[in-house]
Amino acid sequence: MNVKSMMNCSFQDAMKAWNEGFQDYTVDLTMNVERFIKMMSTKRLSPEYSVLAYDEGKPVGIILNSIQPLQGIQSAYNGGTAVHPDYRNLGVGQRLIEASLSVYEKEKVAKASLEAISTNNPAIQLYKNNGYIIKDHLDTIELDKATFKQERDLTLKLVAHEDCKKDISQYFQGMPWQNSVDFIDERELYQFSLGRQAAGYALLSRNRDRLTLFHLQAVRKDKSVYERMLRALVHQFKEYRVVAFNTPQSYEVNEVYHKHASQKLVEQVWMERS
């Protein structure tokens, strides 16, 4: 058994390790080439920081990593750990984690994070054994649009990230990696207004009939404002399903999402290591 940098492996081996490692996962994470490339691009995952495990030339495990400065902190993100079912409980996951931590140390990473399905106890324990702690639990919830009344006073408009970067920086602190405003180039930023005053912001993306809401943040903490922002959002995008993605359970807006949930799609743990 040996572990290699993805830089020294073929793309086909990386895809094979990923798809075979996630073949029996709770959520379908198997990929074709197009989806695999898009995932790596969106999450800023890099072959330079990612590792594969081999057994006699066969790829049997993988960790895809990203290392980026986020809000001035050199940060790493484990975008997925996959081990072939036949090689689990044999120390492959541990070898991959150790190799990743070695890369983090070399790149002077100050904070590392990852997410895991909340029922995946073996994976969570593996991360705990390597210094990760649970920061929060994350909910992905599809909203029932029929539960929202029409909002008459609050409006929203698409804004450029650079135009309001200073204004929003204080409202987008401490978010999970995939929800970060730093990845705005793949997403849309909307400002909610009441008259001439900014009431809040929404970070979202649209794909076919689905609107993914990465973050909804009111300027002032007030559950009634979140209700009104969601009303305006649902009214503006009538033709889309609305899914609130990876929202920490400790965030005030999470309670509002649950109030209007049609179904809870998945729950994850958000883990960090300093």
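Q: Which residues lie nearest the centre of the second largest pocket, and how many line it?
A: In this predicted model, 18 residues line the second largest pocket, and Leu-70, Gln-71, Lys-111, Met-175 and Glu-272 lie nearest its centre. Strands E4, E5 and E12 each give two or more residues to that lining, with E4 giving the most, three. The space inside is about 270 Å³.

Q: What makes up the lining of the second largest pocket by class?
A: There are nine nonpolar, five polar and four charged residues. Lys and Glu count as charged, so Lys-111 and Glu-272, both in the lining, belong to that last group.

Q: Why is His-84 called buried?
A: Buried means under 20% relative accessible area. His-84 has 10%, so the word buried fits. His-84 sits in the loop between E4 and helix H3. Leaving aside its neighbours within four places in sequence, His-84 touches Glu-20, Gly-21, Gln-23, Lys-58 and Val-60.

Q: How do you know that Trp-18 and Phe-36 form an aromatic pair, and why is the pair called edge-to-face?
A: Ring centres must lie within 6.5 Å to pair, and planes over 60 degrees apart count as edge-to-face. Here the centres are 6.1 Å apart and the planes meet at 75 degrees, so both conditions hold. Trp-18 lies in helix H1 and Phe-36 in helix H2, so the pair ties together parts 18 residues apart in sequence. Both rings also belong to an aromatic cluster with Phe-11, Phe-22 and Tyr-25.

Q: How do you know that Trp-18 and Phe-36 are buried?
A: Set their values against the 20% cut-off. Trp-18 has 1% relative accessibility and Phe-36 has 0%, so each counts as buried.

Q: Why is the pair of Phe-214 and Phe-245 called edge-to-face?
A: Their planes are at 80 degrees, which is over 60, and their centres are 5.7 Å apart, so the pair is edge-to-face. Phe-214 lies in strand E10 and Phe-245 in strand E11, so the pair ties together parts 31 residues apart in sequence.

Q: What makes us say that the charged end of Arg-187 sits over the ring of Phe-214?
A: One condition is that CZ of Arg is within 6 Å of the ring centre. For Arg-187 the distance to the centre of the Phe-214 ring is 3.8 Å, so this condition is met.

Q: Which classes of residue line the largest cavity?
A: Seven nonpolar and four polar residues line the largest cavity, and no charged ones. Phe-214 is among the lining residues, and about 40 Å³ of space lies inside.

Definitions and conventions. Residues are numbered from 1 along each chain as its sequence is written. This is a predicted model: local features need pLDDT of at least 70, side-chain atom pairs count only at pLDDT 80 or more; totals for chains, interfaces and linings use all residues. Side-chain values use heavy atoms; hydrogens and water are left out. On a 1 Å grid over the protein atoms alone, a cavity is a set of points where a 1.4 Å probe fits but cannot get out, and a pocket is an open set with protein on both sides within 12 Å along at least five of seven lines; lining residues have an atom within 4 Å of a point. Grid points are joined across faces, edges and corners, and a volume is the space filled by probe spheres set on the points. Helices (H or I, at least four residues) and strands (E, at least two) are DSSP runs, numbered from the N terminus. Buried means under 20% relative accessible area, exposed over 50%, partly exposed in between (1.4 Å probe, protein chains only). Contact means heavy atoms within 4.5 Å. Rings of Phe, Tyr and Trp (its six-membered ring) pair if their centres lie within 6.5 Å; planes under 30 degrees apart count as stacked, over 60 as edge-to-face and the rest as tilted. A charge sits over a ring if NZ of Lys or CZ of Arg is within 6 Å of the ring centre and within 35 degrees of the ring normal.
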